[in-house]
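Dear colleague,

I am passing on a structure that you may like to open beside this message. Some notes on what was found in it follow below.

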Amino acid sequence: MIAGGSEGVGAEFAHQLARAGFNLVLIARKPDPLEQTAEACRRSGVEVRTLAVDLTSPDAMERTVAVTGDVEVGLLIYNAGANTCSEQFLDAGLADFQKVIDLNVGTMLAMVQHFGRPMRERRRGGILMVGSMAGYLGSERHTVYGGVKAFGRIFAESLWLELREYDVHVLELVLGVTRTPAMERVGLNFDVPGMRVADPADVAREGLEQLANGPVHVAGGNADDVARRNDPDRAKVVLRTHEFMQKLLGERGTR
Ligand SMILES: NC(=O)c1ccc[n+]([C@@H]2O[C@H](COP(=O)([O-])OP(=O)(O)OC[C@H]3O[C@@H](n4cnc5c(N)ncnc54)[C@H](OP(=O)(O)O)[C@@H]3O)[C@@H](O)[C@H]2O)c1
């Protein structure tokens with residue numbers, strides 16, 4: 001099951017799992033890329049179901065349950081996640097920020113609980129959640145997005161501890177800047193000197209390879225950068241990274 005499995009990193013998870021012989025359930029909003037990815041995966045000989053739904057909508061979980069009720073979900077990948085409200089905190093409505101929380105926290109928790117319980121029962125399974133380096137420090141226009149990604153990591157670490165003895169693997173795959181269609185559409189400046197830009201196929205492969213080595217894997221060679229972000233001098237770290245983020249995002253500030 002891949003929530004956010006139609007484009008970029010999510011599509012790469014789908015292609016790689018299909019080639020390894022896994023049947024798939026793919027969820028995303030836009031039906032066309034979703035069907036294209038599903039069709040490409042079917043060519044590897046596996047069964048693929050799709051569900052076009054907005055994961056922030058109130059019936060998202062009900063519809064997910066309906067489409068998966070008769071199958072054993074052995075691996076849940078929660079990849080869908082985005083900063084859908086990139087205003088400064090005082091300049092947008094709470095309802096807009098709530099959507100960021102619903103997508104990155106609310107629906108993720110609902111899915112982990114729904115699919116995690118039978119995994120614990122079976123004493124087998126995997127839960128991979130896609131996080132962000134934005135979750136390691138505060139940054140402008142990321143008040144809520146950075147917060148939900150920090151939450152995701154602490155949640156993954158805690159869940160990993162709780163499920164370890166049941167042989168259910170839990171991994172938070174932390175991404176840095178990754179060249180996905182969503183980021184291309186936003187118009188990120190991928191050419192900032194010295195910046196690492198990851199390829200979706202590479203980080204998806206790393207995630208699948210590291211699934212059993214939770215609770216957290218920092219993809220794309222960014223582990224040193226993450227270590228620097230944990231410096232206790234928070235003003236120094238936040239201001240230094242702010243300069244870099246301005247170059248990356250310009251005035252857009254969406255990731
Ligand atoms: N790309 C980066 O630079 C970067 C950096 C750090 C962290 N991340 C994290 O990596 C993950 C993937 O990010 P991405 O957007 O760049 O990659 P992506 O894997 O290219 O696309 C996201 C997938 O989720 C789906 N999706 C997005 N919002 C959804 C919603 N509300 N309901 C249902 N499906 C939804 C998208 O399809 P639809 O649009 O059709 O719904 C797409 O299939 C996210 O968790 C993100 O926070 C990315």
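Helices (H or I, at least four residues) and strands (E, at least two) are DSSP runs, numbered from the N terminus. By this naming, D225 and R229 both lie in helix α8 (residues 223-229), where they are four residues apart, or about one turn of the helix. Please keep in mind that this is a predicted model, in which local features need pLDDT of at least 70 and side-chain atom pairs count only at pLDDT 80 or more, while totals for chains, interfaces and linings use all residues. Residues are numbered from 1 along each chain as its sequence is written, and side-chain values use heavy atoms, with hydrogens and water left out.

The side chains of D225 and R229 form a salt bridge, with N and O 3.4 Å apart; the term stands for a side-chain nitrogen of Lys or Arg within 4 Å of a carboxyl oxygen of Asp or Glu. R229 is buried at 6% relative accessible area, whereas D225, at 23%, is partly exposed (buried is under 20%, exposed over 50%, and partly exposed in between, with a 1.4 Å probe and protein chains only).

Which residues are linked with E7 in a network of salt bridges? They are K30 and R185. K30 approaches E7 with its closest N and O atoms 3.8 Å apart, and because K30 lies in the loop between β2 and α2 (31-42) and E7 in the loop between β1 (2-3) and α1 (8-19), this pair ties together parts 23 residues apart in sequence. R185 meets E7 at 2.9 Å, N to O, and R185 counts as exposed, at 53% relative accessibility.

With best wishes
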